Each structure stands twice: as structure tokens, then as C-alpha cells.
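Hi everyone, thanks for having me. Today I'd like to walk you through how some helices pack together, so let's put the structure up on the screen.

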Amino acid sequence: AGSVKYLEEAIALKPDLAAAHYRLGLAYWRAGRKQEAHEQVALQRKYYKQQQQDLDHRLSQITTFLVSTKQ
């Protein structure tokens with residue numbers, strides 16, 4: 001429960017940080033705030049998916065660059 005305040009501050013600074021939403025969800029769950037925990041886990045899944053898509057896009061760009069420089 002003591003970490004809730006700090007995790008909420010972290011999310012206020014970087015709202016799309018999936019790991020912070022996950023950890024806040026765990027903290028809420030342990031504090032008995034089940035509904036808020038479910039909401040945070042849903043946000044974690046959303047932002048994690050976005051982060052994975054961004055990573056896939058960047059890796060694709062790197063691969064394209066490397067292939068084009070070999071030719």
C-alpha cells in the first residue's frame with residue numbers, strides 16, 4: 001500500500017509506461033482495491049501492446065536499413 005502514491009506519481013509523469021500500470025495494479029490488489037487493480041491491468045495490456053508494436057516497427061526499420069546498406 002505504501003507504494004501506491006509513488007506509482008501513481010510515476011504514471012502521472014509517464015502515462016503510457018506499461019510496467020508502472022502493472023505494478024500499480026498489483027499494489028491496488030494487495031490494498032484491497034480490486035476494481036482499480038483491474039483497470040490498471042487493462043491499461044497495462046493496452047500500453048504493452050502499443051510498446052510492442054512500436055518496437056516491431058523500429059526493428060523493421062533497422063532491418064530495412066541494414067539490407068539496403070548491404071546492396
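Let's start with helix α1, residues 4–13, and helix α2, residues 18–30: their axes come within 9 Å and cross at roughly 155 degrees. An angle over 145 degrees counts as roughly antiparallel, so α1 is roughly antiparallel to α2. The crossing of these two, α1 and α2, is left-handed.

Which residues make the contact? From α1 we have Val4, Leu7, Glu8 and Ile11, and from α2 we have Ala20, His21, Arg23, Leu24, Ala27 and Tyr28. Sorted by class, this contact of α1 with α2 has 7 nonpolar residues, 1 polar and 2 charged.

If you are new to this, here is a handy habit: two packed helices are described by the angle between their axes and the distance between the axes. Let's use that habit again on the next pair.

For α2 and α3, the angle is about 165 degrees and the axes are 8 Å apart. These two helices, α2 and α3, are therefore roughly antiparallel to each other. Here, too, we can give a hand: α2 passes α3 in a left-handed crossing.

On the α2 side, the residues that meet α3 are Ala18, His21, Tyr22, Leu24, Gly25, Tyr28 and Trp29. Their partners in α3 include Ala37, Gln40, Gln44 and Tyr47. By class, the contact of α2 with α3 divides into 9 nonpolar, 6 polar and 2 charged residues.

Now a closer look at α3 itself. This helix has 37 residues and reaches 54 Å from its first C-alpha to its last, close to the 54 Å expected at 1.5 Å a residue. Which residues of α3 are buried? They are Ala37, Gln40, Gln44 and Tyr47. And what covers the buried residues of α3 includes α1 and α2. A general point may help when you look at those positions: an α-helix has 3.6 residues a turn, so residues three or four places apart point the same way.

Let me finish with one residue, glutamine 40, which lies in helix α3, residues 34–70. Is glutamine 40 buried or exposed? Its relative accessibility is 11%, so glutamine 40 counts as buried, the cut-off being under 20%. Leaving aside neighbours within four places in sequence, glutamine 40 is in contact with Ile11, His21, Leu24, Gly25 and Tyr28.

One reminder before we chat: this is a predicted model. Thanks for listening!

Technical notes. Residues numbered from 1 in each chain as written. Predicted model: local features only at pLDDT ≥ 70, side-chain atom pairs only at ≥ 80, totals over all residues. Heavy atoms only, no water. Axes fitted to C-alpha atoms, helices over the stretch in contact; angles between N-to-C directions. Helix = DSSP H or I, 4+ residues; strand = E, 2+ residues; numbered from the N terminus. Parallel < 35°, antiparallel > 145°, perpendicular 65-115°, else oblique. Left-handed = near helix turned anticlockwise from the far one by under 90°. Contact = heavy atoms within 4.5 Å. Nonpolar A, V, L, I, M, F, W, Y, C, P; charged D, E, K, R; others polar. Buried < 20%, exposed > 50% of the residue type's maximum accessible area, 1.4 Å probe, protein only. Expected span 1.5 Å × (residues − 1).
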